[in-house]
Amino acid sequence: MSNLWKTKSLSQLLRTAEDSEKGLRRTLSATSLVALGIGAIIGAGLFSLTGIAAADNAGPAVVYSFILAALGCAFAGLCYAEFASMIPVAGSAYTYSYATMGEFIAWIIGWDLVLEYALGAATVAASWSQYVAKFLLGVGIEIPVELLHGPWDETPGILNLPAILIVCLLSVLLIKGTKESALINNILVILKVTVVLVFIFLGWGFINPENHQPFIPVNEGEQMVRQGSMGFFDFFQSDYFGQYGWSGILRGAGVVFFAFIGFDAVSTAAQEAKNPQKGMPIGIIGSLVVCTLLYVLFSYVLTGLENYVNFRGDASPVTTAFARTGYTFINSALTIAIIAGYTSVMLVMLMGQSRVFYSMSVDGLLPKFFSDLHTKSKTPWKTNIIFMIFVSLFAGFVPVSDLGHMVSIGTLFAFSLVCIGVIVMRKTNPNAVRGFRVPLVPLVPILGVLICVTLMVGLPIESWERLAIWLGLGFLIYFLYGRKHSKINNPD
């Protein structure tokens, strides 16, 4: 059983990174890494969760919710940045866990990350198809409803054909090469960030100050606690908690936190960065800073254009708010930006899961088949094909809207382990070369763990049950195959 906790030495990991001729190509600059992070982060969260959190939880103070959520991500992001500069190897949290907490924990987090990226891509693909259908309808092209919904959706159909097609198209692009994929991602990022900036600048002049009054809507339960007519724990368990006030800001932070999911995908590309010691911290922290700034400004303008109560039940709050400006021409551009945003998110998610499987296969925990690289493009093309089939089936036939929490719990789990890993690595390898160092260790990592665990506890019980089923399947594969073929446990 002791082999379960056997770690991979730092020298072993660095030797893997140095084998660049046989491995993945180093083609990504720091700018490309920042764009990769922005591509993964800005998507459904900005265009939909902002309105939901404002209407149901925080009101105009959703701005504070974004800042709070960004703070939680920043703690984890700093830990990711230290690891990525120290261990420039593909695999993200899987690789970092292998170096600090042993093979079994590494397997759990690797298996968990695959679920996060695959289901995340499937969920986004299903939403992407609906926006594409709306855009095409606006130019006179109608896609039959039967080809936009799977057989188990609320509106039953045959399959979600656009979702299947986009997953296949992006998978082929990834097989072609990381450099080409990064170029497409850069174009998509420029497009959607441009439209977001246009929304902010054009909308700013039409902000109605009355829509921001009060900026923090009153929570009756909080008033009762202050007056002494309700105890704090009774308030915490009541329906008042999370409906505006400071508790609403806190719950809103839990909602919009998921708008930041994706920055960790930057670390999966560490082995393809030109200068990982410098580029990875810039890519991770840079993308977080840019996205936080855009989120805060965007949410401020959104709630200033339209009263937050009008966003309740609105599937497209951005279009609703911008109608107040009179710039109707921008609505089509906004739809295009949302489509571009979703596309870049899928691209990064599909890339991330293939790199995690690649790393697990290189370590012997999965068959060699998954780490076979294309002779020309040097990409794990067989893994890309397998996940193209897996993700497209989910996107095309399964109602994945209720799996969003499952993606989130996997991400928070990964964040927690990475934060713990930094503390462990500072103890076990204090003199290792670090291109970036997390400040105030162990305080920053501990705060990161506390925030992530708090958000995990707040997730529905169904998400815990589904995570348990997926991890149970992973345990079977590990003990039946991975443990027996692990290179660290079977060096011969």
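The paragraphs below lead through a predicted model of one protein chain, from its overall make-up to a few of its helices, ring pairs, cysteines and loops.

The protein chain holds 18 helices and zero strands. Of its 492 residues, 58% are buried, and among the contacts with a separation of 6 or more, 80% join residues that stand 24 or more positions apart. Several of the details that follow are examples of such links between parts of the chain that are distant in sequence.

Helix α5, which covers residues 93-100, offers a place to begin. Eight of the eight residues of α5 are buried, so this helix is largely enclosed by the rest of the structure; the buried residues are Ala93, Tyr94, Thr95, Tyr96, Ser97, Tyr98, Ala99 and Thr100. After α5 comes Gly102, which has a positive phi, near 100°. Helix α5 packs with helix α6 at an angle of about 170°, their axes lying 7 Å apart, and because angles over 145 degrees count as roughly antiparallel, α5 is described as roughly antiparallel to α6. On the α5 side the contact is made by Ala93, Tyr94, Ser97 and Tyr98, which meet Glu103, Ile105, Ala106, Trp107, Ile109, Gly110 and Leu113 of α6. Taken by character, the residues of this contact comprise eight nonpolar, two polar and one charged.

Thr95 also gives a view of how α5 stands relative to a later part of the chain. The C-alpha atom of Thr95 is 8.5 Å from that of Val356, although 261 residues separate the two along the chain. Val356 belongs to helix α14, residues 330-362, and with a relative accessible area of 0% Val356 is buried. Another such pair is formed by Val290 and Gly37, which are 253 residues apart along the chain and have their C-alpha atoms separated by 9.7 Å. Val290 is placed in helix α12, residues 276-305, and at a relative accessible area of 33% Val290 is partly exposed.

Helix α6 can be followed further through its aromatic side chains. The structure has 21 aromatic pairs in total. In one of them, the rings of Phe104 and Tyr478 have centres 5.7 Å apart and planes at 50°, so the pair is classed as tilted. Phe104 is part of α6 and Tyr478 is part of helix α18, residues 461-485, so this pair ties together parts of the chain that are 374 residues apart in sequence. Both Phe104 and Tyr478 are buried. A further pair is that of Trp111 and Trp470, whose ring centres are 4.5 Å apart and whose planes are at 10°, so these rings are stacked. Here again a residue of α6, Trp111, is joined with a residue of α18, Trp470, so the pair ties together parts 359 residues apart in sequence. Trp111 is buried at a relative accessible area of 6%, and Trp470, at 16% relative accessibility, counts as buried too.

Further along α6, which spans residues 103-138, lies Ser129. Ser129 is buried, with a relative accessible area of 0%, and apart from its neighbours within four places in sequence Ser129 is in contact with Leu148, Asn160, Pro162 and Ala163.

The cysteines can be considered next. A disulfide is a covalent bond between the sulfur atoms of two cysteines. The structure holds zero disulfides. Cys452 is in no disulfide, and the nearest cysteine sulfur, that of Cys419, is 5.6 Å away; since a disulfide requires sulfur atoms within 2.5 Å, that distance of 5.6 Å does not qualify. Cys452 is buried, at 0% relative accessibility, whereas Cys168, at 25%, is partly exposed.

The loops hold the remaining points. Most residues other than glycine have a negative phi, and most peptide bonds are trans. Against that background, the peptide bond from Gln213 to Pro214 is cis, with omega near -10°, and Pro214 sits in the loop between α8 and α9. The bond from Val441 to Pro442 is likewise cis, with omega near 10°, and Pro442 is in the loop between α16 and α17. That loop also contains Leu440, a residue other than glycine with a positive phi, near 55°, and Leu440 is exposed at a relative accessible area of 61%. Tyr244 has a positive phi as well, near 75°; Tyr244 is in the loop between α10 and α11, and at 14% relative accessibility Tyr244 counts as buried.

Conventions. Residues numbered from 1 in each chain as written. Predicted model: local features only at pLDDT ≥ 70, side-chain atom pairs only at ≥ 80, totals over all residues. Heavy atoms only, no water. Helix = DSSP H or I, 4+ residues; strand = E, 2+ residues; numbered from the N terminus. Buried < 20%, exposed > 50% of the residue type's maximum accessible area, 1.4 Å probe, protein only. Contact = heavy atoms within 4.5 Å. Phe/Tyr/Trp six-rings, centres within 6.5 Å; stacked < 30°, edge-to-face > 60°. Axes fitted to C-alpha atoms, helices over the stretch in contact; angles between N-to-C directions. Parallel < 35°, antiparallel > 145°, perpendicular 65-115°, else oblique. Nonpolar A, V, L, I, M, F, W, Y, C, P; charged D, E, K, R; others polar.
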